[in-house]
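Reader: I've got the model open and would like to talk it through. Can you take me around it, one question at a time?

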Amino acid sequence: MNFAEDITEFIFVENRPKKADIIFVPGGDRGELAVTAAKIFREGYAPLVLPSGRYSKPAGRCLIPGYETEWDFLRDILVREGVPEDCILEEKQATYTYENAIYSRRVTDRLGLRVQRAILCPQASHARRALLYYKVLYPETEFFVCPTVTRNISRDNWFLDGEKIDVVLGELERCGSQFHEILREYAAKRREEEL
């Protein structure tokens, strides 16, 4: 089933962490992402962590009991896992993955941070799309993707269950549909620059 292997290699991006300037955590209700980020922080790979997220746009509110934003939820886990509060940056506006990248860039720019190398801690099945969005906003940055398996969807089992197949192929579809407009805008800007 070579085609499934190709999809696996595309979607499930994973690197070993390397020394970086910051750790990014795309928003969401998966606390495991913050646990992974905290472990990487404690191992000394980066001095700052930037979790991002207000709530999921379709819901229109934070669905995590007891929390106003996803950022508050992720921050609490980071602190519980040993990340000092003064090493956690704040981004509480994003309502979907592209906004996680957009607003994270605004935070790092406002603070005057030059992000040459970054660690990204997404869900494993969401790794490629998250990486692409962050690369759009940080084109000069080298990324190391350190994902977390959530919902028991991994590179080894996604193709063995209908619901998992739907999640992964949904990610594959969104990589095409959501980046279509971004690429068209990029092409239009390039044409303008050439004139």
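Reader: Let's start with R129: which residues is R129 in contact with, leaving aside its neighbours within four places in sequence?

Author: Contact here means heavy atoms within 4.5 Å. R129 belongs to helix α5, where helices (H or I, at least four residues) and strands (E, at least two) are DSSP runs numbered from the N terminus. Leaving aside neighbours within four places in sequence, the partners of R129 are T97, E171, R174, C175, Q178 and F179.

Reader: Before we go on, what sort of model is this, and how are residues numbered?

Author: It's a predicted model, where local features need pLDDT of at least 70 and side-chain atom pairs count only at pLDDT 80 or more, while totals for chains, interfaces and linings use all residues. Side-chain values use heavy atoms, with hydrogens and water left out, and residues are numbered along each chain as its sequence is written, from 1.

Reader: Is R129 buried or exposed?

Author: The cut-offs are under 20% relative accessible area for buried, over 50% for exposed, and partly exposed in between (1.4 Å probe, protein chains only). R129 has 9% relative accessibility, so it counts as buried.

Reader: Where is the kink in α6 centred?

Author: Helix α6 covers residues 162-194 and reaches 47 Å from its first C-alpha to its last, close to the 48 Å expected (1.5 Å times one less than its number of residues). A bend is the angle between axes fitted to the seven residues ending at a position and the seven starting there. In α6 there is a kink of about 40 degrees, and its centre is F179.

Reader: What covers the buried residues of α6?

Author: The buried residues of this helix are K164, V168, G170, E171, C175, F179 and I182. Their cover includes α1 (2-11), α4 (97-110) and α5 (127-137).

Reader: And α1: which exposed residues sit on the face turned away from its buried side?

Author: The buried residues of α1 are A4, I7, T8 and I11. They span an arc of only 100 degrees around the axis (taken from the directions from the axis to the C-beta atoms), so they lie on the same side of α1. What covers them includes α5 and α6. The face turned away carries N2 and D6.

Reader: Over to the rings: why is the pair of F24 and F143 called tilted?

Author: The structure holds 9 aromatic pairs. Rings of Phe, Tyr and Trp (its six-membered ring) pair if their centres lie within 6.5 Å, with planes under 30 degrees apart counted as stacked, over 60 as edge-to-face and the rest as tilted. The centres of F24 and F143 are 6.4 Å apart and their planes are at 35 degrees, so the pair is tilted.

Reader: Which strands does that pair link?

Author: Both F24 and F143 are buried, and they form one aromatic cluster with Y134 and Y138. The two residues are 119 residues apart, so to speak in distant parts of the chain: F24 in β1 (residues 22-25) and F143 in β4 (residues 142-145).

Reader: What kind of pair do W158 and F159 make?

Author: W158 is buried at 3% relative accessible area, whereas F159 is partly exposed at 29%. Their ring centres are 5.7 Å apart and their planes are at 85 degrees, so the pair is edge-to-face.

Reader: Last one: how far apart in space are K57 and Y96?

Author: K57 is in the loop between β2 (49-51) and α3 (70-80), and is exposed with 53% relative accessible area. Leaving aside neighbours within four places in sequence, K57 is in contact with T95 and Y96. K57 and Y96 are 39 residues apart in sequence, and their C-alpha to C-alpha distance is 6.3 Å.
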